[in-house]
Amino acid sequence: MSAPALDLDQVQRWLTRLHGGAEGWIHIGSAGSGPPGKWRGRFFATTTAGISGAAEYVRGLEAKNDLGIYTRCTTLRERPATGRGGADVSLSFPGFWADVDYGTVGHKHELCPAPCPEKGNRGHACTLLPLPPDAAAARQIIAESGLPEPSLIINSGGGLYPWWFLEAPHLISDDLGDISTLSSRWQHIIKASANRLGWEYGVGVYDLDRVLRIPGTINRKVPGLERRCETVEDTGVVYQLDELATVSFSIDLPEPEHTARTTPAPRLRPATYPPGQVGPLTAFAEVCEPRDLLEPQGFNYVRGERDGAELWKYSGSSPASEYSVRAWPHVLVNHSETAPLPVGAGYRLTPAKVFAHWYHGGIAPAALQAAAKDLVLAAAGSPNASAPARALPQHILDHIRQRCAIRPWQAGGSWKTETPWPTVEPTEHDDDPTDDPEPAAAPADLGGDVRKTMAAASEDTIWAGVFPETGHLYGAVWTIPGSDDRPALLPPFPLHTLPGDTGKFVQAVAVYTQTPPEIAAFATIGALSTAVGSHATISGQWTEETLALFLSSIADSGDGKSRAFKAVNAPIYRLESALRRAWDAEYGENAEQLEIAQAARDKIIKDLASAHGDKRRTLLADLDTLKDTIKELTGPPRPQLLVGDVLPEALARLMHRVGGHIGIISAEGTFLGNICGRYNNGKPNLEFVLTAWDASEPWRPDRISRDSFELERPSLALSLSVQPVVIDDAISSKSVTDKGLLNRFLLARPASLAGNRDVRPPHIPAYLSEAWDACVRRAFYAVCPEGRIFDDDGAPAPPTPMQVGEDAEQLMLAWRERHERRLDPDTGDLVCIKGWMSRAAGNAYRLAAILHLAGGHDPQMPVGAEVMTDALAIVDYCIPHAIAILGGIDGGGPRGQVAWLKDATGHVLAWIRRKGMGEFTADQARAGLRGRGWVKEHGAPGVRAVLLALTHEGWLASVTRVDAAGRRLSDPLFVVHPSLLGGGV
């Protein structure tokens, strides 16, 4: 029997089916040829060119006779520095999958002897049930699970991969925990079906960074029994995510074995923080149930209470006592003197504190740090972990490993050292390839940098408590404020807010030009703003008279912004050319006759100055005839959507000629330099540009000449990408800042990609370029039917009125109310961009209208809540960028902090050092500093403002405080940076 051969066409079809055109990156990985195997892999774009490159990479791996070639089930948000990326960077979720092993060949599956003395030991690798005997039995598991019909089924050469595809891939954002929970539940449903039939099924394939074999490749796990991975059934059926979620939660699952006694049902609590940003104690608390801690220590469940508490009784307690402990999901309180826990309402014990108390000698910081390290070791699978940590339920250890990005332990290493991934042969259940065969550095001890986490936190989050418990901070990376000169990390542009294929187009442009996505994203919004401009208005609580926007991304010379602008703006130039061709066809032939008639008119007017009698009457009659001829020959102005390097006076005349609206699109800052005084001895000339942003007031220059004019609705769209020096020059001009020019701009300061760019990036797929072209045209013709900018009388056509829907208006009002509190002059964190925020709501209205049109919606339809959510998300993205760029031009922030606030932060830091305040509340700070003048003047709001400033700088971290019932208190506990008290960092 001949060995099976690679089917490259099937590989390409599968990669296209799975991830083609989705957002993010594809990962292809493989096990090396022969034991112990060596993992390797690469990342590819989801474009046609990227998938072709991935298929060629698969061809090269097959030529090396690798044991197996895999692709990740989800795309990645970004390419990780090492490895294939954890579940936390998952972006595009195509649907649900399963991996049903069958038979006995090629599987690490041994039956336990009965009775099994080690049953229940989490380190024991055996099982009590056999695998299904064949593919038919594996299919029976799926058929009787209660799940809907799979979209397709793949035979991996030793198991079945059923897939349930979504109609469109789901983009994972802040619902990572929900998707992970659904994926896990899906696997447990299949396991329950297998167990009912008397067979085993492993649920470990639920994780979102799972890899599965690629159809068309060869499974060489068992020498001499090479088999090709094949698609064996394809029904083509697809589902909605909500539909599948409803099905999964309608199927009852059996209780775990350890709940055979009367115990509460497990609580499904979604993750609160992004993966990779929490420490092991926090991750432990997210999934640890009270019973996971209490049952092994001899506590028995009594009952549940209406307030959500669980009552547990210690086995050694008095029979007269009804219960010993009241436990909530995140905290418990011991009321029994005989129970082995600190007693009394003053001890609100988190899961981490309970674990530390029982197994590490208490709840002091040293004990908590020891508990954190123990949990990491256990999650990594190290034998150096304590027996109680190793005995924790596997799902808890898996959760800690995933959330804290802990690499598996390897003999000879530990969780703190640099160790490679295990070089063991993968099974169909535990294959875990990485693209980097080199040793990878272990993660930081307890998660991300506390300083950066606090700097990125919102005011509401800080006052709620950024960290759920102090244990997360023990041993965590917490760099000293000012210890590096790198700019603050700013949020990435939310590409999901751009409708249809526009977001994919922007991502493709960014990949092809190797530029940050912000440049292309701002350029697309600017192009749409140029296309629709003053041809529409948007009304809600007030009316925006134009949809024109001022946008500027900031990038250094050589960052590739010109190429990105060229790719994005091509449709605008094509639209302008099409409008001009139509004009030429209708009015072009009259141009020569019109020129002759105008010349004759000018001659008659000159001759009239010296004519008398009959000659004068004849000339006047000829003049009237010529006026009628000129009127008949004169059409609307030749269309013009864009203008280049221009001065404000010439710009106003040009806009008058073309109907009042025009756009300036440039990857340079020339125009900004012009209006800020480049050619006027440094004196800015801003009045017309400021008026043209608003379009609510007419522009009437005071001139007495034949070429005087009036502009009733001047409207200018600006789409720029400028060098930092251009913005710095503008900010340094008091005239420019006083008049608020930059406060009208949506701003972005993306990080440069220089030094990390791909010199062979994939081209932009043609279908995405075509979709973007259609988007621009669709938006323009929606507000300018038939391309008519002027009415039949030659006047600018009235704008198309658009309306904000009631649900969208409620979102806007809630957003404004929430951000208004942040402008409080004493406590607000947005005081430094107060002028910019005053225009933010208007910009959000305009953005919502533009996104509505770009999405193909009729302008007569109200703008909905979903579109308004996207528009507000873009404005929220711009807020930290505006703070970083504009700083304190309104009197606070990085460029000019309020004087008293600067002095007050020094007083608080001195008080912390003098009193040794490792932890404190806002009330304690106010009491300790009550003699200071600024405390007397500004009171509690002033103290809050100072503490907020110190948290943003990274000197303080806020931790949630809860009462005895587990309810969150109104203000947090502030934990001090170790360096302030002489501690290590």
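Strand 5, residues 100-101, pairs with strand 7 in the antiparallel sense, and two bridges hold this pairing. In this predicted model, Asp101 has Gly159 of strand 7 as its bridge partner. Strands of a sheet pair through backbone hydrogen bonds, and the pairing is either parallel or antiparallel.

Strand 7 has further partners. Strand 4, residues 92-97, runs antiparallel to strand 7, residues 159-171, and five bridges join them. Within this pairing, Phe96 is matched with Trp164 of strand 7. Strand 6, residues 152-155, is also antiparallel to strand 7, with four bridges between them. Here Ile154 has Tyr161 of strand 7 as its bridge partner. Strand 6 and strand 7 form a hairpin, with three residues between the two strands. One residue in that turn, Gly157, has a positive phi of about 100°.

The next sheet lies further along the chain. Four strands form an open sheet with parallel pairing, in the order 19-20-18-21. Which strands stand at the edges of this sheet? They are strand 19 (661-666) and strand 21 (745-748). Each of these has a single partner strand, so one side of each is left without a neighbour in the sheet. On average, neighbouring strands of this sheet are turned by 10° against each other, direction ignored. Strand 21 pairs with strand 18, residues 550-554, in the parallel sense over four bridges. In this pairing Ser552 stands opposite Leu747 of strand 21.

A third sheet is open as well, and its three strands follow the order 23-25-24 with antiparallel pairing. Strand 23 (919-920) and strand 24 (956-959) are the edge strands, each pairing on one side only. Four bridges connect strand 24 to strand 25, residues 973-976, in the antiparallel sense. Leu956 stands opposite Val976 of strand 25. A helix accompanies this sheet: helix 30, residues 933-953, lies across strand 23, strand 24 and strand 25. The direction of helix 30 is at about 105° to strand 24.

We now turn to helices that pack on one another. Two packed helices are described by the angle between their axes and the distance between the axes.

Helix 16 takes part in two such packings. In one, the axes of helix 14 (residues 502-513) and helix 16 (residues 561-587) come within 9 Å and cross at roughly 145°. This crossing is right-handed. Helix 14 contributes Phe505, Val509, Tyr512 and Thr513, which meet Arg563, Ala564, Ala567 and Val568 of helix 16. By class, the residues of this contact are six nonpolar, one polar and one charged.

In the other packing, helix 16 meets helix 24, residues 766-783; their axes come within 9 Å and cross at roughly 50°. That angle makes helix 16 oblique to helix 24. The crossing of helix 16 and helix 24 is right-handed. On the side of helix 16, the contact is made by Val568, Pro571, Ile572, Arg574, Leu575, Ala578 and Leu579. On the side of helix 24, the residues are Trp772, Asp773, Val776, Arg777, Phe780 and Tyr781. This contact has 10 nonpolar residues, three charged ones and no polar ones. Val568 of helix 16 appears in the contact with helix 14 and in the contact with helix 24.

Helix 26 (residues 834-854) and helix 27 (residues 865-886) form another packed pair, with their axes 9 Å apart and an angle of about 140°. That makes helix 26 oblique to helix 27. Their crossing is right-handed. Among the contact residues of helix 26 are Trp836, Met837, Ala840 and Leu851, and among those of helix 27 are Val867, Asp870, Ile874 and Leu886. How do the residues of this contact divide by class, and how many are nonpolar? There are 18 nonpolar residues, one polar and one charged.

Helix 27 also takes part in an aromatic pair. The structure holds 26 aromatic pairs. One of them joins Phe493 and Tyr877 in an edge-to-face arrangement, with 5.2 Å from centre to centre and 80° between the planes. Phe493 sits in the loop between helix 13 (459-464) and helix 14, whereas Tyr877 belongs to helix 27. The two residues are 384 residues apart, and the pair links distant parts of the chain.

Key:
Residues numbered from 1 in each chain as written. Predicted model: local features only at pLDDT ≥ 70, side-chain atom pairs only at ≥ 80, totals over all residues. Heavy atoms only, no water. Axes fitted to C-alpha atoms, helices over the stretch in contact; angles between N-to-C directions. Parallel < 35°, antiparallel > 145°, perpendicular 65-115°, else oblique. Left-handed = near helix turned anticlockwise from the far one by under 90°. Contact = heavy atoms within 4.5 Å. Nonpolar A, V, L, I, M, F, W, Y, C, P; charged D, E, K, R; others polar. Pairing = 2+ DSSP bridges. Phe/Tyr/Trp six-rings, centres within 6.5 Å; stacked < 30°, edge-to-face > 60°.
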